[in-house]
Amino acid sequence: MDNVITATNLTKQFGHFTAVDQISFEVERGEIFGFLGANGAGKTTAMRMLCGLSKPTSGIGTVAGFDIHTQTEKVKKNIGYMSQKFSLYDDLKVWENIELFGGIYGMNDQDIKVKTDKLMYELNFEKERNMLVASLPLGFKQKLAFSVAIFHQPQVVFLDEPTGGVDPVTRRMFWEMIYKAAENGITVFVTTHYMDEAEYCNRVSIMVDGRIEALDSPKNLKAHYSAKNMDEVFQKLARKSQRKE
Amino acid sequence: MKQLLSFVRKEFYHILRDKTTILILLLMPIIQIILFGFALTTEVKDTRVAVLIPQSDEITTKLVERIHASSYFDVVNTIQSSYEIQKTFRDSQAKLVLVFENDFAAKLKHDGIAHIQLIADATDPNAATSFTFYVSNIIASYQQDMIGTMKNPYQITPEVKMLYNPQMIGAFNFVPGVLGMILILICAMMTSIAIVREKEKGTMEILLVSPMRPIYTILAKITPYFVLSCINFLTIIILSVFVLKVPIAGSFFTLVIISMLYIFVALALGLLISTLTESQVAAMLISGMALMIPVMLLSGMIFPIENMPLPLQIFSNVIPARWYISAVKLVMIQGLGFSAIIKEMLVLSFMAITLIVISLKKFKVRLE
């Protein structure tokens with residue numbers, strides 16, 4: 001098995017509060033891994049630990065083959081990240097944003113230029129290339145933010161609720177981009193609130209109160225909880241929560 | 001290095017595309033210099049004077065003529081009775097009323113003594129002190145001329161020499177002040193806003209996840225404001241030398257050194273503010289309240305530190321602008337060399353190191 005992410009008893013405590021409680025899982029290369037949980041279940045904290053932003057209190061984790069305790073710099077070089085705000089620089093043009101992030105990830109000018117041309121063609125963005133990001137519609141920004149996150153060919157891309165506030169058609173198109181990235185060998189680690197999106201994932205983990213309560217393919221989960229869809233699975237599990245939001 | 005360059009370029013895009021802000025930043029020093037230089041002057045000029053002369057005679061006429069002839073005063077009105085004095089002030093016709101005694105010339109000749117009363121509008125005490133002082137001088141010099149060759153056995157004549165600023169030009173005092181204020185305003189306020197903006201927009205998150213080292217982020221953020229501050233520094237110096245005619249008495253090189261150090265302190269301060277706040281508005285308020293007001297009031301720019309109550313004098317020690325302004329005065333106006341500003345250099349260096357250490361620590365904490 002070629003595991004890109006491994007977590008063993010990963011725990012994060014803030015004082016007496018255990019935000020993430022001994023979670024263990026693996027994510028395979030090229031997999032689309034859905035990371036679900038209600039607000040405050042510990043999703044974000046877990047993801048921050050994997051991205052090297054936050055040190056685990058205990059437990060072991062590796063991302064792209066590097067230890068998240070000691071090799072955070074190497075971890076950061078090999079991952080991409082897209083936040084729920086589709087954060088790009090509004091007062092920079094489309095190509096300037098791409099160039100900036102290419103530069104930050106240490107790509108050389110020639111590579112950046114060739115790949116930018118290719119990307120603009122693929123996204124059909126040639127007209128928008130010289131526009132300021134501020135003037136783009138939300139769906140365009142989302143596509144661009146994702147493209148920027150995987151521009152440096154990371155091994156894993158972390159997507160934090162990447163489809164918030166976007167209409168269903170655009171969401172569907174966005175998932176096509178995710179599939180394409182996965183086909184190209186990029187592992188996708190995605191958190192979401194939309195249960196129909198959970199169905200698109202290869203495997204899904206559901207966090208409740210800092211622990212992983214269920215982890216399997218959507219098909220198996222539905223069978224196990226005898227539910228019609230993922231929404232029902234989620235409702236059954238999330239109801240166990242003791243935590244107040 | 002490539003990382004840093006990409007990032008610095010981005011920072012310049014941010015600044016150059018925000019046309020309003022860049023315009024304000026570049027024009028602010030010019031406007032301030034012009035305001036302080038020509039509008040907000042404390043020098044007394046063309047003060048309006050009214051005179052009350054019961055009986056006009058040779059001496060009163062000559063005296064009034066002499067006062068009117070000086071560039072400090074304009075005699076605008078001659079009033080007839082003491083009842084009109086109140087009215088003159090109420091209607092803002094004059095700032096100063098000269099009341100001559102009855103039979104002025106006669107009394108002076110027979111008794112050897114005559115009185116003039118000076119009634120001044122002391123709403124602005126500084127101005128009132130200045131112009132009553134000037135008018136007394138004019139009267140004294142007239143008296144001196146009258147005595148002329150007459151023998152006076154005892155005579156003490158003070159000869160006043162105004163060092164460093166013989167013409168008493170206000171610009172000599174405020175140019176260092178404006179330098180101290182503009183530089184801290186641009187460095188600290190703009191740097192803190194620029195960093196906090198990344199937090200607010202969520203782009204800071206992306207930067208933290210990227211392999212970009214925090215020290216690079218900081219360096220890239222402060223570079224454009226450092227360049228801007230240097231431009232502002234040169235603007236102020238050029239304007240003050242060529243427009244306000246304030247010469248640089250000491251070495252330009254020393255002035256540049258102390259200014260660089262001060263800019264560094266201000267940048268570090270901006271960095272610290274940015275680690276303490278989460279929103280641009282908060283960053284602006286803190287810079288405004290915590291920097292602008294103390295710099296204007298407690299740095300010695302407007303009010304002399306020596307005249308403040310002791311607690312404020314002690315407090316003024318922690319204001320970087322106080323030390324900078326004092327150093328600029330020593331170098332630029334008094335023309336002293338490097339050895340004269342060692343104390344200021346040491347204090348500012350200490351502040352710079354302390355601020356940088358604290359804010360770097362804070363900046364790292366946020367990564368956790």
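## Strand pairing, cores and the chain contact in a predicted model

Val99(B) stands opposite Gln117(B), a residue of strand 4 of chain B. The model described here is a predicted one, and this pair of residues is a convenient place to begin reading it.

Val99(B) lies in strand 3 of chain B, where Leu52(B) also stands opposite it. Strand 3, which spans residues 96-100 of chain B, is mostly covered, since four of its five residues are buried. With strand 1 (residues 47-52) of chain B, strand 3 of chain B runs parallel and is joined by four bridges, whereas with strand 4 (residues 116-120) of chain B it runs antiparallel and is joined by five bridges.

In chain A, two residues other than glycine have an unusual sign of phi for their kind, given that most residues other than glycine have a negative phi. The table sets them out.

| Residue | Phi | Strand of chain A | Other C-beta atoms within 10 Å |
|---|---|---|---|
| Asn9(A) | about 50 degrees | strand 1 (residues 3-14) | 13 |
| Gln22(A) | near 50 degrees | strand 2 (residues 17-28) | 15 |

Are these two residues buried or exposed? Asn9(A) is partly exposed, because its count of 13 other C-beta atoms within 10 Å falls between the cut-offs of 12 or fewer for an exposed residue and 20 or more for a buried one. Gln22(A), with 15 other C-beta atoms within 10 Å, is likewise partly exposed.

The nonpolar interior can be described next. In soluble globular proteins, nonpolar side chains tend to be buried together. The largest nonpolar core holds 72 residues, of which Leu50(A), Val157(A), Phe158(A), Val188(A) and Phe189(A) touch the most other members. When residues up to four places away in sequence are not counted, Phe189(A) touches Ile5(A), Val27(A), Phe33(A), Phe35(A), Val156(A), Phe158(A) and Leu159(A). A second, separate core has 67 residues, and Val196(B), Leu244(B), Val328(B) and Met332(B) are among them.

Finally, there is the contact between the chains. How many residues does each chain bring to the contact? Chain A and chain B each contribute 21 residues. On the side of chain B that touches chain A, helix 1 (2-17) and helix 8 (203-209) of chain B each supply at least two residues, and helix 1 of chain B gives the most, with eight residues. Sorted by class, this side of chain B consists of eight nonpolar, six polar and seven charged residues.

Note on methods: Residues numbered from 1 in each chain as written. Chains lettered and ligands numbered in written order. Predicted model: local features only at pLDDT ≥ 70, side-chain atom pairs only at ≥ 80, totals over all residues. Contact = placed C-beta atoms within 7 Å. Nonpolar A, V, L, I, M, F, W, Y, C, P; charged D, E, K, R; others polar. Pairing = 2+ DSSP bridges. Core = buried A, V, L, I, M, F, W, Y, C linked by C-beta atoms within 7 Å.
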